[in-house]
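Biologist: I'm new to this one, so could you walk me through it? Let's get it on screen and then I'll ask away.

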Amino acid sequence: MAGALAAKRVVPLRARRDEDKEARRRELLDAARALFEATSFAEVKMADVAARTGLAKGTVFLYFPTKEALFLALLDDLLTAWFAKLNGRMAKDGTWTGHQLARTVAESLEGEETFTRLLALAQTVLEQNVTVAQARAFKERVLVAMATTSALLQARLPFLTPETAGQLIRYVHALVTGLRQMADIAPVAREVLTLPHMAPLRVDFTAELTAAITTLLRGLQAR
């Protein structure tokens, strides 16, 4: 009887500890996001994250051994949320036009500047200083998300095959990365681009992404 009561007491304590850990992890990710949105990845220091959360710097490293691991985890969360948003928009019956799908994808990224800025850093920065286990866990979740989105793409555009739907997702990744880097410019460059004759160099992220995806889909359909 006493042993059974003790077991009952242990379970909720363990659950509370797990909840506390997840709450602390979430707090660190939120702090990293706020700092990144105010500055840049290069300027954010782990000490800044610790100070913002009121934790010791050593505690931050217990959860995330490197700054890259911290921001890869943040990207993981943002990527998962974006895929869910896009999938929700595509979860409508019927066949779509290529332009309709392209516009849906581009509009799903409006207001997602933090996500697209981090996505542009994934291969060149974030994955350069993490463990194999961390990188694999991230890639595995990407594969699962891609599979769901690929099926929805094929439902909306029947000319897509599993192979070409996967290609389309990879192409969109490349387009988003490139266009975000072109659109995320320094203040001095932004001032220069206001000059009338600089119009050809200005980037309208949503409009240009829509046009590029539409062109890609035409090419895939013509195969």
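Modeller: Sure. One term before we start: a salt bridge here is a side-chain nitrogen of Lys or Arg within 4 Å of a carboxyl oxygen of Asp or Glu. Keep in mind that this is a predicted model.

Biologist: Okay, how many salt bridges does a search of the whole structure find?

Modeller: The search covers the whole structure. The count comes to 10.

Biologist: Take Arg26 and Asp30. How are they separated in helix H1?

Modeller: Their side chains meet in a salt bridge, 3.3 Å from N to O. Arg26 is partly exposed at 30% relative accessibility, and Asp30 is partly exposed too, at 42%. Both sit in helix H1, residues 2-38, and because they are 4 residues apart, the separation is about one helical turn.

Biologist: Which residue is linked with Arg26 and Asp30 in a network of salt bridges?

Modeller: Arg26 and Asp30 belong to a network of salt bridges. The other residue named in that network is Asp77.

Biologist: Now Glu112, which pairs with Lys85. Is Glu112 buried or exposed?

Modeller: The closest N and O atoms of this salt bridge are 2.6 Å apart. Glu112 lies in the loop between H5 and helix H6 and Lys85 in helix H4, so the pair ties together parts 27 residues apart in sequence. Lys85 is partly exposed, with a relative accessible area of 26%. Glu112 has 16% relative accessibility, and under 20% counts as buried, so Glu112 is buried.

Biologist: And how many residues apart are Asp184 and Arg117?

Modeller: They form a salt bridge, with the closest N and O atoms 3.4 Å apart. Arg117 is buried at 13% relative accessible area, while Asp184 is partly exposed at 36%. Asp184 is in the loop between H8 and helix H9 and Arg117 is in helix H6, so far along the chain that the pair links distant parts, 67 residues apart.

Biologist: On to the helices. Is H8 roughly parallel or antiparallel to H10?

Modeller: The axes of H8 (residues 162-183) and H10 (residues 205-221) come within 10 Å and cross at roughly 150°. Angles over 145 degrees count as roughly antiparallel, so H8 is, relative to H10, roughly antiparallel.

Biologist: How many nonpolar residues are in the contact of H8 with H10?

Modeller: H8 contributes residues including Leu168, Tyr171 and Leu175, and H10 contributes Leu209, Ile213 and Leu216, among others. Of the contact residues, 2 are polar, 2 are charged and the nonpolar ones number 13.

Note on methods:
Residues numbered from 1 in each chain as written. Predicted model: local features only at pLDDT ≥ 70, side-chain atom pairs only at ≥ 80, totals over all residues. Heavy atoms only, no water. Axes fitted to C-alpha atoms, helices over the stretch in contact; angles between N-to-C directions. Helix = DSSP H or I, 4+ residues; strand = E, 2+ residues; numbered from the N terminus. Parallel < 35°, antiparallel > 145°, perpendicular 65-115°, else oblique. Contact = heavy atoms within 4.5 Å. Nonpolar A, V, L, I, M, F, W, Y, C, P; charged D, E, K, R; others polar. Buried < 20%, exposed > 50% of the residue type's maximum accessible area, 1.4 Å probe, protein only.
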